[in-house]
Amino acid sequence: MQPGSDEREWREDCAPRRVLEIFSAKWTSMILHTLHARHGGQARTGVLQRSLPGISKKMMVQTLREMERSGLIDRHVESAVPPAVRYSLTPLGRRFVDLVDLVYDWGRQNADALDEMQARATSRRASGNGSGL
């Protein structure tokens, strides 16, 4: 948003703020990226969880439910014993993947700048347990 831009562009529900809401939920962007980059757009629950070190089962279920409500992913229950659940990116979810990939690529290319930042007290990096992108 540029100085002097239309006041409507600065509303609380403006498009840039809504995009940033996706990134404010840590696991949403990571699940989008993982489904796309590691699993071709779809994965079963257990496979997805093993691909995301550090996420608890409770947090993953909560995030997946929110992503389903938002229309970013679909949940498919396969008839098996026990029932298998598969998550897949929706067309809307695929549109957001491009943006998530840009952030991941920027992080990889600028890891040195990220390393120079002071670690937040709540960061895993502060305790030496940092994870790569």
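Here is a short chat about how the helices, the sheet and one pocket are arranged in this predicted model.

Colleague: Let's start with the helices. How are helix 1 and helix 2 oriented to each other?

Modeller: Two packed helices are described by the angle between their axes and the distance between the axes. Here the axes of helix 1 and helix 2 are 4 Å apart, and the angle is about 85 degrees. Angles of 65 to 115 degrees count as roughly perpendicular. So helix 1 and helix 2 are roughly perpendicular to each other.

Colleague: Which residues of helix 2 make that contact with helix 1?

Modeller: By class, the contact has 2 nonpolar, 3 polar and 1 charged residues. Helix 1 brings Ile-22, Phe-23 and Ser-24. From helix 2 come Lys-26, Thr-28 and Ser-29.

Colleague: And how does helix 2 (residues 26–39) lie against helix 5?

Modeller: Their axes come within 9 Å and cross at roughly 100 degrees. The contact involves residues such as Ser-29, Met-30 and His-33 of helix 2, and Phe-96, Val-100 and Tyr-104 of helix 5, among others. By class, this contact has 6 nonpolar, 4 polar and 2 charged residues. The crossing angle makes helix 2 roughly perpendicular to helix 5.

Colleague: Now the sheet. Which strands are at its edges?

Modeller: The sheet is open, with 3 strands in the order 1-3-2 and antiparallel pairing. An edge strand pairs on one side only. That leaves strand 1 (42–44) and strand 2 (73–78).

Colleague: How many bridges join strand 2 to strand 3?

Modeller: Strands of a sheet pair through backbone hydrogen bonds, either parallel or antiparallel. Strand 2 and strand 3 (residues 84–89) run antiparallel. As an example to find on screen, Ile-73 stands opposite Leu-89 in strand 3. The number of bridges joining strand 2 to strand 3 is 6.

Colleague: On to the second largest pocket. Which helix gives the most to its lining?

Modeller: The second largest pocket has a volume of about 290 Å³ and is lined by 13 residues. Helix 1 (15–24), helix 4 (57–70) and helix 5 (91–109) each supply at least two residues of that lining. The top contributor, with 5 residues, is helix 1.

Colleague: How many charged residues does that lining have?

Modeller: Nearest the pocket's centre lie Arg-18, Glu-21, Ile-22, Ser-70 and Leu-72. Arg and Glu count as charged. Across the lining there are 8 nonpolar and 2 polar residues, and the charged ones number 3.

Methods: Residues numbered from 1 in each chain as written. Predicted model: local features only at pLDDT ≥ 70, side-chain atom pairs only at ≥ 80, totals over all residues. Heavy atoms only, no water. 1 Å grid on protein atoms, 1.4 Å probe; cavity = no way out; pocket = protein on both sides within 12 Å on 5 of 7 lines; lining within 4 Å. Points joined across faces, edges and corners; volume = space filled by probe spheres on them. Axes fitted to C-alpha atoms, helices over the stretch in contact; angles between N-to-C directions. Parallel < 35°, antiparallel > 145°, perpendicular 65-115°, else oblique. Contact = heavy atoms within 4.5 Å. Pairing = 2+ DSSP bridges.
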